Amino acid sequence: MNSHQDPSTDIMVRLDLLATISESPRHLTRRCFTPEHRQINDLAGALMRDAGMTVREDAVGNVIGRYEGLVEGAPAIMLGSHLDTVIMAGKYDGGLGILAAIDCVRSLHSRGIRFVDAIEIAGFADEEGVRFQSTYLGSRALAGTFDTALLNRPDKDGVTLAEAMQEFGLDPRRIGEAIRRTDELLCYLEVHIEQGPVLECEGLAVGAVTAISGANRMTVTLDGTAGHAGTVPMSARQDALIAASECVLAVEEIAARRASMVGTVGQMTVSPGATNVIPGRTTFSVDMRAPKDDLRRAAVAELKERMRGVAARRSVSISIEATHEATSVACAPWIIDEIEEAMTELGQRPFRLPSGAGHDAAAMAEITDVGMIFVRCAGGISHSPDESITGEDAVAGAHLLLRVVENIGAKKS
Ligand SMILES: [Zn+2]
């Protein structure tokens with residue numbers, strides 16, 4: 001392959017360009033249905049058009065580019081990622097997947113290559129869910145799993161999702177028009193930064209994602225007895241925080257014992273919360289994730305039993321409230337194979353890893369086969385201005401996507 005056929009090496013320059021569209025001049029923040037959402041859709045749409053695509057905006061504000069196949073109206077290989085960001089985001093989360101996809105089409109277009117199937121790119125309106133505490137608004141609308149009850153949910157300024165959409169120029173009653181039929185799509189492929197340290201530890205630029213992990217979230221409350229820190233003997237205490245501490249260690253131990261499982265306690269409140277008072281009540285969150293659902297459910301069951309045991313032994317009462325459960329989403333085995341085959345062709349060591357973070361591919365899996373390519377990011381740091389990737393790795397990700405699309409397209413042609 002000569003350099004003319006390579007995905008453009010100026011991908012980093014264009015990632016910087018996307019990152020100039022921000023609600024804040026000091027850091028990158030781009031929430032859905034804001035003026036910045038309008039600007040990013042315009043910019044992404046212009047880049048798609050420049051790559052040879054026809055561009056439209058769908059009923060939920062996703063920008064969709066289409067590179068027609070040899071047969072008009074043929075099903076599409078859909079590529080994509082999200083155009084929104086978290087608050088104080090990095091430049092590569094979402095943006096890399098959009099630009100890698102555009103580079104892929106640009107390369108095919110510049111060489112006059114079309115397949116029987118079309119290629120589409122979806123720039124999703126909202127994946128991070130920052131503004132309305134939702135998940136995957138854009139891809140869920142496309143997959144037909146958009147929860148219309150969310151339309152009444154307000155943002156922090158009291159603007160409902162429906163109002164925000166109207167302000168953006170969309171009619172929330174027409175959201176169903178964003179739905180794509182299964183027979184319109186061949187598959188969905190997404191390039192994304194890993195947001196973890198695994199590829200870096202392996203010394204690899206890219207990897208094939210096996211599954212998007214399922215997750216359980218719980219709120220655990222332990223009720224003991226508050227008392228004077230100076231007068232109650234150690235043997236007579238029902239200290240809710242000491243009991244919670246044992247539970248936190250159980251989360252770590254149970255997760256660490258299982259491959260690919262992670263467990264986190266990220267929030268804890270202690271009351272009354274005074275230096276000289278024995279904690280009477282402790283409430284904490286638990287987040288457990290694994291790519292295999294049976295493994296995750298077994299771990300959660302073991303954790304609950306362990307925490308109840310801790311509570312009984314320490315004479316505190318316990319309540320465990322399940323706040324969220326999502327099953328894992330497997331990437332299609334044939335796509336994982338295609339990605340690994342393309343890695344081999346490009347001289348890269350095939351490597352598979354699960355995704356502990358959620359992605360639009362999880363929503364897209366409702367209607368089509370999905371696959372993801374992860375790109376190494378420095379230190380696994382993401383959702384932070386310190387998020388960092390190299391230009392070489394960005395091009396490696398784009399290059400790999402192009403090869404996968406070429407291989408899938410050629411097989412059908
Ligand atoms: Zn992302």
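**Exercise 1.** Is His82 buried or exposed?

*Solution.* The model is predicted, so that local features need pLDDT of at least 70 and side-chain atom pairs count only at pLDDT 80 or more, while totals for chains, interfaces and linings use all residues. Residues are numbered from 1 along each chain as its sequence is written, and side-chain values use heavy atoms, with hydrogens and water left out. Buried means under 20% relative accessible area, exposed over 50%, and partly exposed in between, with a 1.4 Å probe and protein chains only. His82 has a relative accessible area of 1% and is therefore buried.

**Exercise 2.** Identify the residues that coordinate the zinc ion, and place them in the sequence.

*Solution.* Donors are N, O and S atoms within 2.8 Å of the metal (3.2 Å for Na, K and Ca), and because water is not among the atoms, sites may look incomplete. The zinc ion is coordinated by His82 through NE2, Asp93 through OD and His192 through NE2, at 1.9 to 2.1 Å. Along the sequence these donor residues follow the spacing H-x10-D-x98-H. Asp93, with a relative accessible area of 7%, is buried.

**Exercise 3.** Describe the surroundings of Thr34.

*Solution.* At 7% relative accessibility, Thr34 is buried. Contact means heavy atoms within 4.5 Å; leaving aside neighbours within four places in sequence, Thr34 is in contact with Glu23, Arg131 and Phe168. Thr160 lies 126 residues from Thr34 along the chain, and the C-alpha atoms of the two are separated by 13 Å.
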